[in-house]
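Colleague: I'd like a close look at one helix and what surrounds it. Could you take me through that part slowly, with the cut-offs spelled out as you go?

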Amino acid sequence: MNKVCIFNDEEEVSKAAAAFILEHSKKSIENKGRFTIALSGGKTPSLLYNLLAQLPYSKELHWKTIFIFWGDERCVPHDSDQNNSHMAKKLLLDHVPIPRENIFPVQVQMQAGKAALQYEQMLKVFFKQELPVFDLILLGMGEDGHTASLFPGTETTSTQSLVNAVKKPADQTERITFTPQLINNAKQVLFLVTGKNKADILKEVLENKSKNKYPVQLIHPKNGKTLWYADKPAATLLKKIK
């Protein structure tokens, strides 16, 4: 089930996402003693990470029972500005009292295929399930309709693996990514979409609904919900706000 929420600007999107994460994490921790979240990379969530590192979120989030993973990662060194976990560490994780053992970056020092296999096996051990169930997976969407590192034309969109090594078609850079099978087993998926450059693809995905034309259209949790948080520039072509 899709639910679309429109906000004035990127700052409002980020504030709403931060509030949602706080509420959702509290419910999860009350129910089962922990909250598992897979973070996204790229520019869109950077403001969100800055917010979570500040009051009131830095204090109200129960960091000792929050466990951090990544839905995709670039195969670059851990200290590279292009590394998604490095970005989250610099903007958020270095500024909050989360135990180091609660953070699970992709082991990018390995060959890509081995790193993907290692991450998949680690997830199965952590969750004690062959098909892990995340409490929340945070995602973005590219102008080409990709999400995580599921790009148009890559085989990973049909694989039965949980984590795959892929190459970005545009430049053949290596990535590690969750596959639709794993994402669709989450309890909640939250897309953050901002900027006028996303208007065409957001309208195409949410209103035209050409079946599985874009990788992002493969995301529909089996037993959970999909939330879309978009700013007005990104949602300007959607009928509901005209």
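Which residues of helix H7 (residues 199-208) are buried, and what covers them?

Modeller: Happy to. This is a predicted model, so local features need pLDDT of at least 70 and side-chain atom pairs count only at pLDDT 80 or more, while totals for chains, interfaces and linings use all residues. Residues are numbered from 1 along each chain as its sequence is written, and side-chain values use heavy atoms, with hydrogens and water left out.

Let's start with your helix. In H7 the buried residues are Ala199, Ile201, Leu202, Glu204, Val205 and Leu206; buried means under 20% relative accessible area, exposed over 50%, and partly exposed in between, with a 1.4 Å probe and protein chains only. The cover over these residues includes strand S1 (2-7), strand S8 (188-193), strand S9 (225-231) and helix H8 (232-235). Helices (H or I, at least four residues) and strands (E, at least two) are DSSP runs, numbered from the N terminus.

Leu202 of H7 also turns up in the largest nonpolar core, a set of 78 residues. Such a core is made of buried Ala, Val, Leu, Ile, Met, Phe, Trp, Tyr and Cys residues joined through side-chain atoms within 4.5 Å. The members that touch the most others are Phe69, Tyr119, Leu123, Phe134, Phe178, Leu202 and Tyr229.

Several of those names lead to the aromatic rings. The model has 13 aromatic pairs, counting rings of Phe, Tyr and Trp (its six-membered ring) whose centres lie within 6.5 Å, with planes under 30 degrees apart called stacked, over 60 edge-to-face and the rest tilted. One of them joins two strands that help to cover H7: Phe7 and Tyr229 sit edge-to-face, 5.1 Å centre to centre with 70° between the planes. Phe7 belongs to S1 and Tyr229 to S9, so this pair bridges 222 residues of the chain. Phe7 and Tyr229 are both buried.

Another pair is Phe69 with Phe127, which counts as tilted because the ring centres are 5.8 Å apart and the planes lie at 35°. Here strand S3 contributes Phe69 and helix H5 (residues 112-127) contributes Phe127, 58 residues apart. These two rings are buried as well. They belong to one aromatic cluster, together with Phe67, Phe104, Tyr119, Phe126, Phe134 and Phe178. Not counting residues up to four places away in sequence, Phe69 touches residues including Ile37, Leu39, Tyr119, Leu123, Phe127 and Phe134, where contact means heavy atoms within 4.5 Å.

S3 (66-70) also helps to line the largest cavity, as does S2 (35-39), each with at least two residues. A search of the whole structure finds 1 cavity of 30 Å³ or more, and its volume is about 70 Å³. On a 1 Å grid over the protein atoms alone, a cavity is a set of points where a 1.4 Å probe fits but cannot get out, a pocket is an open set with protein on both sides within 12 Å along at least five of seven lines, and lining residues have an atom within 4 Å of a point. Grid points are joined across faces, edges and corners, and the volume is the space filled by probe spheres set on them. Among the lining residues of the cavity are Ile37, Leu39, Trp63 and Ile68, and S2 gives the largest share with 3 residues. By class the lining has 10 nonpolar, no polar and no charged residues; Ala, Val, Leu, Ile, Met, Phe, Trp, Tyr, Cys and Pro count as nonpolar, Asp, Glu, Lys and Arg as charged, and the others, Gly among them, as polar.

S2 and S3 have a further role as cover, along with helix H2 (46-52) and strand S4 (72-74), over the buried residues of H4. Helix H4 (residues 84-91) is largely enclosed by the rest of the structure, because 6 of its 8 residues are buried. Those are Asn84, Ser85, His86, Met87, Ala88 and Leu91.

H4 and S4 each give at least two residues to the lining of the largest pocket, whose volume is about 680 Å³. That pocket has 27 lining residues, with Gly41, Gly42, Lys43, Arg74 and His146 nearest its centre, and the lining divides into 6 nonpolar, 12 polar and 9 charged residues.
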